[in-house]
Amino acid sequence: MLISVIISTYNNPLWLEKVLWGYANQKDREFEIVVADDGSDESTRSLITRFEEGLSVPPIKHVWHEDRGFRKSAILNKATLAAAGEYLVFTDGDCIPPRDFIAIHRKLAKPGQFLSGGYFKLPMGVSEIIDKNAVDSGQVFALRWLWSRGMPRTFKNLRLGAGSLLRGVLDKFIPTKPTWNGNNSSAFRDTIISVNGHDERMAYGGQDVEMGYRLVHSGIKPRRIRYRALVLHLDHKRGYADPSSIAKNLQIRQNTLKLRIRRTDYGIVGK
């Protein structure tokens, strides 16, 4: 089964490069990368070309549209259509995957479900100093390495430091509700298309979660894998955050919940 990893990005090639290093090191190689580019300048395209020419990475498709503000939902829909894989993993261009990331999503994928993964947020100072050697060696996922680079020691470190058996236990018993998280979630391609993808009316602020509501209303069961499939989230500014769009998105999400909407009229097809 071919898996398509859809990576959203916008004008942050330095972070995207670190993420692509992670995918170049995957143990499971039967996947393609689809970069869902929300209007970046030529530096992102140049990075992708350089990766394809210089590193052993799976095929990369660059799906781009013109920069007309935050239109992540629209570019994700275009990337969904461009994906050749039967199964889709959605993530962001600031999330570095561990070596077994694709393998875990493949192992746990089931029809009638979507997988809800997790992330471990890094401070800006640590995000900036991560280099290719740290990703290639896997050191970037080691708590000792992160602590030595200035990451605070808190109880949240358990998420990264737990072994594989403990992570499975945590996923089973921690009561956090599984939701569709745009930085780490997956489902069969046909399942995403059945709810008409992401709602393109929505800008920044919970737009990914809303699609998850429609999946659940359609009978798709969410499954929590937030400890077993954990990405490193690089820090960044959020200059695109807009209170008005957040309020609009909240209203759409509430309407989706109240009416138990299964399919948006503002998605992959139909406007």
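**Strand β6, its partners, and helix α11**

Okay, let's start with strand β6, which is mostly covered: 7 of its 9 residues are buried. Keep in mind that this is a predicted model.

So who sits beside β6? On the pairing side, β6 runs parallel to strand β8, residues 221-233, and 9 bridges join the two. If you want one pair to look for, take glycine 117, whose bridge partner in β8 is isoleucine 225.

β6 also pairs with β7, but here the sense is antiparallel, over 2 bridges. You can find both of these on screen: leucine 115 is matched with serine 186 of β7, and serine 116 has serine 185 of β7 as its partner.

Now stay with β7, residues 184-188. How many of its residues are buried? It's 5 of the 5, so the rest of the structure largely encloses this strand. β7 has another antiparallel neighbour, strand β4, residues 87-92, with 5 bridges between them. There, threonine 91 stands opposite asparagine 184 of β7.

Okay, on to a helix. α11 covers residues 207-217, and 8 of those 11 residues are buried, so this helix is largely enclosed by the rest of the structure as well. Among the buried ones are Asp208, Glu210, Arg214 and His217, along with Met211 and Leu215.

What do those buried residues pack against? Here our strand comes back: they pack against β6 (113-121), and also against the helices α3 (72-82), α10 (189-194) and α12 (243-259).

Last stop: after α11 comes glycine 219, and its phi is positive, near 95 degrees.

How values were computed: Residues numbered from 1 in each chain as written. Predicted model: local features only at pLDDT ≥ 70, side-chain atom pairs only at ≥ 80, totals over all residues. Heavy atoms only, no water. Buried < 20%, exposed > 50% of the residue type's maximum accessible area, 1.4 Å probe, protein only. Helix = DSSP H or I, 4+ residues; strand = E, 2+ residues; numbered from the N terminus. Contact = heavy atoms within 4.5 Å. Pairing = 2+ DSSP bridges.
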